[in-house]
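Subject: Handover of a structure, with notes

Dear colleague,

I am passing on to you the structure shown below, together with an account of what was found in it. Please keep it open while you read, as the notes go through it place by place.

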Amino acid sequence: MPLASIPEYWTTRSNSKIPFYSEVFSRDRFRQIFWMLHLQGNASSNTSLRTRIGKANNFLQYIDTKFAERFIPGKDICIDESVVKFKGKIAFTTYNPKKPTKWGIRIYVLADGETGYVYSILPYYGSLTTANLEKPELPVSSRIPLTLVKKRLNNIPSAEGYHLCTDRYFTSIPLANELLKLKVHLTGTIMPTRKYLPAAIKKPLFSSKSTVAYKKDNTLVLAWKSKRIVTFLSTSDTAFLQQVTARTRGRDGICDVRRND
């Protein structure tokens, strides 16, 4: 909720008052912490990367712990990538031209699918991060979701039946298989160049139907053609296609849309 200035969050004006902030923090207390909080390292002869990220990592781990204490996600959860703006000189600065913030520190987040609440964060520190991820034999794009999901399951070991949604960067058949072992379903778009996909899905040939689908055990992979070809993977047993009205170039038409309920 971006406002013009920090004091605006504590305004008492009837037309713009937001009661949440004043109930959690007093304005002066928040500003005192905001002014004093810093992550500048102390002078040290040890300039290794592990030493330089120590304070920031400890701070982020503390925040991560508090996120998990305050909220329990529902059945639907999702994982995505964000970039935190940072202009300093560090070895793990990232650049992503597709993000609103293009330069900064990359973090991966596990969020509740209904409210958007961030349940867990995984900052990316290059090789220091990848060394601690689950399943070293898998690609990093699969190890990141597994690590975040296992962190959630470790907090409540009896929890099961989660439905994870991912974008095409994370989705893969090995990830789907590993999540099924944890009793977690996966749904998401998938790159057609991923390993283990059927050749007919990688280069689908559409005739009278606009959908090509294959299913093996609990994993469904399909491609459908609308304005472009979309490739999809799901291990949910409630997957189906539903016809909806779509508007294309000023005219209404019927198309198939993939759904999970």
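To begin with a single residue, Y196 counts as exposed because its relative accessible area is 61%, where the cut-off for that class is over 50%. Y196 sits in the loop that runs between strand 6 (185–189) and helix 8 (199–202), and its phi is positive, at about 75°, although Y196 is not a glycine. Please bear in mind throughout that this is a predicted model.

A positive phi is also found at K135, where the value is near 50° and the residue is again other than glycine. K135 belongs to the loop between helix 5 and helix 6, and its relative accessibility of 27% means that K135 is counted as partly exposed, since that class lies between 20% and 50%.

The loop of K135 leads to helix 6, which covers residues 140–155. Its 16 residues should span 22 Å at 1.5 Å a residue, and this agrees with the model because the end C-alpha atoms are 23 Å apart. The buried residues of helix 6 include I144, P145, L146, L148, V149 and L153, and among them are also R143 and R152. As for what they pack against, the partners of the buried residues are strand 1 (76–85), strand 3 (103–112), strand 4, helix 5 (127–130), strand 5 (163–166) and helix 7 (173–181).

Strand 4 (118–123) appears again in the largest pocket, where at least two residues of the lining come from this strand, as is also the case for helix 1 (19–24), helix 2 (27–36) and helix 4 (54–70). The space in this pocket comes to about 1200 Å³, and of the 21 residues that line the pocket, V24, F25, F30, I63 and F67 are the closest to its centre. Helix 4 gives the most to the lining, with 7 residues. What may interest you as a chemist is the make-up of the lining by class, which is 19 nonpolar and 2 charged residues, with no polar residues.

The last item is a hairpin formed by strand 7 and strand 8, with 2 residues between the strands. Strand 7 (residues 211–216) and strand 8 (residues 219–225) run antiparallel and are joined by 6 bridges, and K216 stands opposite T219 of strand 8. In the turn, D217 has a positive phi of about 55°.

With best wishes

How values were computed: Residues numbered from 1 in each chain as written. Predicted model: local features only at pLDDT ≥ 70, side-chain atom pairs only at ≥ 80, totals over all residues. Heavy atoms only, no water. 1 Å grid on protein atoms, 1.4 Å probe; cavity = no way out; pocket = protein on both sides within 12 Å on 5 of 7 lines; lining within 4 Å. Points joined across faces, edges and corners; volume = space filled by probe spheres on them. Helix = DSSP H or I, 4+ residues; strand = E, 2+ residues; numbered from the N terminus. Nonpolar A, V, L, I, M, F, W, Y, C, P; charged D, E, K, R; others polar. Pairing = 2+ DSSP bridges. Expected span 1.5 Å × (residues − 1). Buried < 20%, exposed > 50% of the residue type's maximum accessible area, 1.4 Å probe, protein only. Contact = heavy atoms within 4.5 Å.
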